[in-house]
Amino acid sequence: PDDIAEKFEIIGRIMDMLEDHSTLSHPMCEDCAETMLRLMDRQLADSLRERQIVEGIGKTAQVVSKQHGDDTVPEDIASLERELGEQEEMEHMLEETLGTLDTQLDAICRQISKLQTESQSLEADEDQQNQQRNDLEYALERCESEQWALDDKYARLAAQLTQLQRTNVYNDVFNIAVSDGIASINGFRLGGRSAPHNVEWAEVNAAWGQALLLLQTVARRLGHEFSGYRLIPMGAFSRIERTSEDGAAATVLELFGSGDMYLGRLFQTRRFDSAMVAFLACLDQIAQLVIGINPQLRLPYKIDHDKVGGISIKPQFGQDDAWTKACKNTLMDARWALAFASSYDTPT
């Protein structure tokens with residue numbers, strides 16, 4: 001663009017110089033210059049014809065003068081000769097002007113040709129730039145379309161994640177409920193041995209097995225290792241090992257009862273009682289850990305050795321309702337610990 005401007009400036013100066021030495025207005029376009037040249041060619045031809053006529057008249061006058069012996073040139077012949085001189089001078093000026101115009105026309109034609117070439121080059125560059133712009137716009141539209149698709153996919157996945165985060169998997173795995181004063185876990189009732197419920201020992205033992213598995217799951221979720229105990233969830237035949245720091249053999253406590261439970265509470269019933277008390281001890285360790293993490297929380301039913309909510313977990317002859325309530329309190333505390341563990345973010 002700077003070269004073109006400079007060239008136009010040079011052409012402008014040339015036109016100004018031509019105007020100073022010519023009666024014509026400059027610059028002229030190519031068509032105007034050609035029209036002017038045709039007019040000047042016609043004017044030059046007319047002048048040449050007039051010159052020939054005048055020369056013929058002059059020669060005739062000379063012949064007549066010689067015939068009459070008069071050397072004196074008439075006044076009209078002198079006037080014609082002056083006119084002829086003026087015509088010759090005009091012819092010379094027209095020829096010079098015509099030459100100048102021819103030179104200007106050639107220069108203008110060359111300049112126009114050069115400008116046309118540059119214009120074609122600029123048009124080609126513009127077409128290339130337009131093509132590149134179209135390609136970029138197409139790529140931008142495609143990227144925007146992909147971004148919209150990704151944003152939509154992200155929104156759907158975020159909604160699914162939020163839904164999953166709100167879903168408590170632990171509540172589905174360990175479903176604890178209370179019906180007719182008897183607590184149950186995953187459909188197995190814990191308590192209610194006497195009439196009118198008459199829950200079988202097989203169902204009670206299965207419920208203790210589910211509760212022990214819940215306790216182990218919560219401990220793993222919170223990263224807790226039980227002090228003095230090791231849980232062995234085995235369904236209806238679950239056990240708790242009581243360990244000691246002096247390396248002595250572990251004591252196996254059977255967390256399941258049998259039909260002879262009320263016959264003197266001997267042998268197996270003692271281990272069953274100890275196993276339920278050990279379960280409360282492990283549950284209390286989890287409760288203290290949770291309260292240590294969040295001091296604002298409180299256990300629904302306080303655990304004190306073999307009592308939960310002020311009721312002993314050890315079955316007493318003829319007091320099945322009290323034992324059933326103690327079992328319910330135990331599962332409520334277990335559900336409280338499970339709710340905390342399900343929303344607990346493990347430190348990284």
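This report covers a three-stranded sheet, the helix lying across it, and the aromatic pairs of a predicted model.

## The sheet

Strands β1, β2 and β3 form an open sheet, in that order, and their pairing is antiparallel. The edge positions belong to β1 (176–179) and β3 (188–190). Each of these two strands has a single partner, so one side of each is left without a neighbour in the sheet. On average, neighbouring strands are turned by 35° against each other, direction ignored.

Strands of a sheet pair through backbone hydrogen bonds, in either a parallel or an antiparallel arrangement. Between β2 (residues 182–185) and β3, the antiparallel pairing extends over 3 bridges. Within this part of the model, Ala 183 stands opposite Leu 190 of β3.

## The helix across the sheet

Helix α5 covers residues 201–222 and lies across β1, β2 and β3. Relative to β3, helix α5 runs at about 90°.

Helix α5 also carries Trp 208, one partner of an aromatic pair. The other partner, Phe 279, sits in helix α6 (residues 268–293). The pair therefore links distant parts of the chain, with the two positions 71 residues apart in sequence.

## Aromatic pairs

The whole structure contains 4 aromatic pairs. In the pair of Trp 208 and Phe 279, the ring centres are 5.3 Å apart and the planes meet at 75°, an edge-to-face arrangement. Trp 208 has 0% relative accessibility and so counts as buried. Phe 279 also counts as buried, because its relative accessibility is 1%.

Phe 237 and Phe 256 form a pair with 5.4 Å between ring centres and 70° between planes. Planes over 60 degrees apart count as edge-to-face, so this pair is edge-to-face. Phe 237 belongs to the loop between β4 (229–232) and β5 (239–242), while Phe 256 belongs to the loop between β6 (251–254) and α6. The pair thus ties together parts that are 19 residues apart in sequence.

Are Phe 237 and Phe 256 buried or exposed? Phe 237 counts as exposed, because its relative accessibility is 51% and the cut-off for exposed is over 50%. Phe 256 has 9% relative accessibility, and it counts as buried because the limit for that class is under 20%.

## A ring cluster

Which residues do ring pairs link into a cluster? They are Trp 201, Phe 272 and Trp 323.

Technical notes. Residues numbered from 1 in each chain as written. Predicted model: local features only at pLDDT ≥ 70, side-chain atom pairs only at ≥ 80, totals over all residues. Heavy atoms only, no water. Pairing = 2+ DSSP bridges. Helix = DSSP H or I, 4+ residues; strand = E, 2+ residues; numbered from the N terminus. Axes fitted to C-alpha atoms, helices over the stretch in contact; angles between N-to-C directions. Contact = heavy atoms within 4.5 Å. Phe/Tyr/Trp six-rings, centres within 6.5 Å; stacked < 30°, edge-to-face > 60°. Buried < 20%, exposed > 50% of the residue type's maximum accessible area, 1.4 Å probe, protein only.
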